[in-house]
Amino acid sequence: MKKRILFICLFLVSLFGIDFLVFKKLQFALPNESPWNTNHFFNFLYEYERIRHLPKTKKRIIVVGSSVAYYSIDANKLKQRLLTDFNLDVDVFYLAYAGNSPLYVYLLLNWLDPLEPDLVVYPINFIDYRLHRTYVIFPEGKNGSVDESVVVKDALTFGEAPQSLWVFPWETLLEVGSSMDWETWSRYVISSGFSFYRYKDIYQQNLQNLVQHRFGRNTSYHAYAGVLIPEGISGLGWTGQQFSFYPTEKIKNKGFWVEVTPFLLAGKPCRMKISDGITTQEVLLSKEGWVHLYLDPKFFQTRKWITAKLERVWFANEATGAYLDYHFDPMGVRLEQTFGLEKAKSGIQYEREPRTEDFRYIGMTDEVYRKYFYYRLLEGLEKRPGIGYLVALKLAKERIREESFRPYFHFRYLKKIAEHFRERNLPFLLINNPENPISLEWYEDSRWYKDHLAYLQSLEGGSVHYWDIHRSLPMQGFSDFHHFTYVGMEQMNPIYAKRIGNLFPK
């Protein structure tokens, strides 16, 4: 009996020891080669561990929230502006991920203590309150009268909030465990106790990236992470009619891959002229799919910038299947994810680079932009189910304008967040972030919107600051209802810097 007990004890110690060493420590010691929007929760956890192990040498600003926060504030640009305009030498960090809501920002708060922030900034928008879910679950329901427990249960579903099981299982269990059924509760208990279960769906992505970047073709990915292309490149790696790059040793030894669509070929081969001004090479693209290309060895003797130019382009709004998209950008070929690099980038989980879609609205009139907005974001749901959440958001804003404001669920957690910082006398800035003027029109003049602003204002006091800037950016600065383009982010950077800089004592 004693041997059996000893064996069980050794087994449990080994299980917890290996679990802690491999999944809690070792996986975060590996380089992270996942861009922002490819592995959200691993990136969040990886960044948290990175910040936690950095010695604090200057004041710290931590930006929390969802993709609204990430697409609004550039950490490095804000840091530079604060230094230039306010002589404030600070560190700026993100702890944000797509789909984050006030409940999970609240569950994050105790995580912040070891990071020793001097200011926490929380930009927020309508999407973060998840109010559209009420109308999805109950097509005839209202946010003013829906049973809150039903909305809480929906918010805990894996499809709506995987972070509750992956990132905050124990905190979620303590906060809303009473709203869970037995099966859900038991999953959260296991996830709280064992990291291999908690991280089983996210750690593999980084390992796959590491293997692919070193030994694979890098042709299966969700976000381009290669060199910047002077002529511009899309978030998915699509070039325009031409693209320029520097000939590296990796390209010399292994060549590079490009994806050719049937819409570029249009039934006949497409010529691509490659030149550095001295050497010229012509490639005939004749088959669709990923094509492996090698450059003429002469390019590596001169080592000058090379430009590749296609004889024609194709348009995604005229395509079908996976290539269909509702925009008018001229498309060329798709480059492999790590194109032009000797080795893949790491530590880019919160670095944003400009993409061609960030510049498509420059110079557009409001009338032209408005037509493009409705076409690109709201038409063709039957062909593009991915825009379903935007359609649901539009419906929610149109319906909620007829309702009275009710500060339930996520609004209650906003209040708890404010109280947390007030009690600790830690500066906190809550921002009602800019929204696209077009989507604002659907509900801005309603009693609901005005009362919602008054509620947010009521949270101010002590170390808690509130800032309403919901009309501070023209429509051309938005890629959708609430996300800024790179150009919009650059426009807003000095505005954020001025408000944040004034929160620090002179």
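Two strands count as paired here if DSSP finds at least two bridges between them. Strand 5 (residues 256–260) and strand 12 clear that bar with 2 bridges, running antiparallel, and within strand 12 it is Arg 334 that stands opposite Glu 259. All of this comes from a predicted model, so what follows describes that model.

The pairing just mentioned belongs to an open sheet of 3 strands, ordered 8-5-12 and antiparallel in its pairing. Strand 8 (289–293) and strand 12 (334–335) are the edge strands, each pairing on one side only.

Stepping back to the whole chain, the protein has 21 helices and 14 strands. Its radius of gyration comes out at 25 Å, close to the 23 Å that the globule rule gives for 506 residues, so the protein is as compact as a globular protein of that length. The C-alpha trace spans about 75 × 70 × 55 Å along the principal axes. Of the 506 residues, 54% count as buried. As for contacts with a sequence separation of 6 or more, 77% of them come from residues 24 or more positions apart.

A second open sheet is built from 4 strands in the order 4-9-6-7, again with antiparallel pairing. Its edges are strand 4 (242–245) and strand 7 (280–285); each has a single partner strand, so one side of each is left without a neighbour in the sheet. On average, and ignoring direction, neighbouring strands of this sheet are turned by 20° against each other. Strand 6 (residues 270–275) pairs with strand 7 in the antiparallel sense over 6 bridges, and Ser 275 stands opposite Thr 280 of strand 7.

Strand 6 also holds Met 272, which is buried because its relative accessible area is 0%, under the 20% cut-off. Leaving aside residues up to four places away in sequence, Met 272 touches Phe 243, Gln 281, Glu 282, Val 283, Leu 285, Leu 293, Ala 308, Lys 309 and Leu 310. One of these contacts, Leu 293, sits 21 residues along the chain from Met 272, with 11 Å between the two C-alpha atoms.

Parallel pairing turns up around strand 13 (residues 428–432), where 5 of its 5 residues are buried. The cover is on both faces: Phe 428, Leu 430 and Asn 432 are buried on one side, and Leu 429 and Ile 431 on the other. Strand 3 (residues 119–124) runs parallel to strand 13 and is joined to it by 5 bridges; in this pair, Tyr 122 stands opposite Leu 430. Strand 13 is also joined to strand 14 (residues 464–468) by 5 bridges, and these two run parallel as well. There, Phe 428 has Val 464 as its bridge partner. In general, strands of a sheet pair through backbone hydrogen bonds, either parallel or antiparallel.

Turning to the helices, two packed helices are described by the angle between their axes and the distance between the axes. For helix 18 (residues 410–424) and helix 20 (residues 447–458), those values are about 25° and 11 Å. An angle under 35 degrees counts as roughly parallel, and helix 18 and helix 20 are therefore roughly parallel to each other. Helix 18 brings Phe 411, Arg 412, Leu 414 and Lys 415 to the contact, where they meet Trp 448, His 452, Tyr 455 and Leu 456 of helix 20. By class, this contact of helix 18 with helix 20 divides into 5 nonpolar, 1 polar and 2 charged residues.

Helix 16 (residues 366–378) and helix 17 (residues 388–400) pack at an angle of about 120°, with 9 Å between their axes. Helix 16 and helix 17 are therefore oblique to each other. Tyr 374, Leu 377 and Leu 378 make the contact from helix 16, while Leu 390, Val 391 and Lys 394 make it from helix 17. The contact of helix 16 with helix 17 has 5 nonpolar residues, no polar ones and 1 charged.

One last residue is Gln 208, in helix 12 (residues 203–215). Gln 208 counts as partly exposed because its relative accessibility is 44%. From Gln 208 to Trp 442 the separation is 234 residues in sequence and 43 Å in space, C-alpha to C-alpha.

Methods
Residues are numbered from 1 along each chain as its sequence is written. This is a predicted model: local features need pLDDT of at least 70, side-chain atom pairs count only at pLDDT 80 or more; totals for chains, interfaces and linings use all residues. Side-chain values use heavy atoms; hydrogens and water are left out. Axes are lines fitted to C-alpha atoms, for helices over the stretch in contact, and angles run from 0 to 180 degrees between N-to-C directions. Angles under 35 degrees count as roughly parallel, over 145 as roughly antiparallel, 65 to 115 as roughly perpendicular and the rest as oblique. Contact means heavy atoms within 4.5 Å. Ala, Val, Leu, Ile, Met, Phe, Trp, Tyr, Cys and Pro count as nonpolar, Asp, Glu, Lys and Arg as charged, and the others, Gly among them, as polar. The radius of gyration is taken over C-alpha atoms; the globule rule is 2.2 Å times the number of residues to the power 0.38. Buried means under 20% relative accessible area, exposed over 50%, partly exposed in between (1.4 Å probe, protein chains only).
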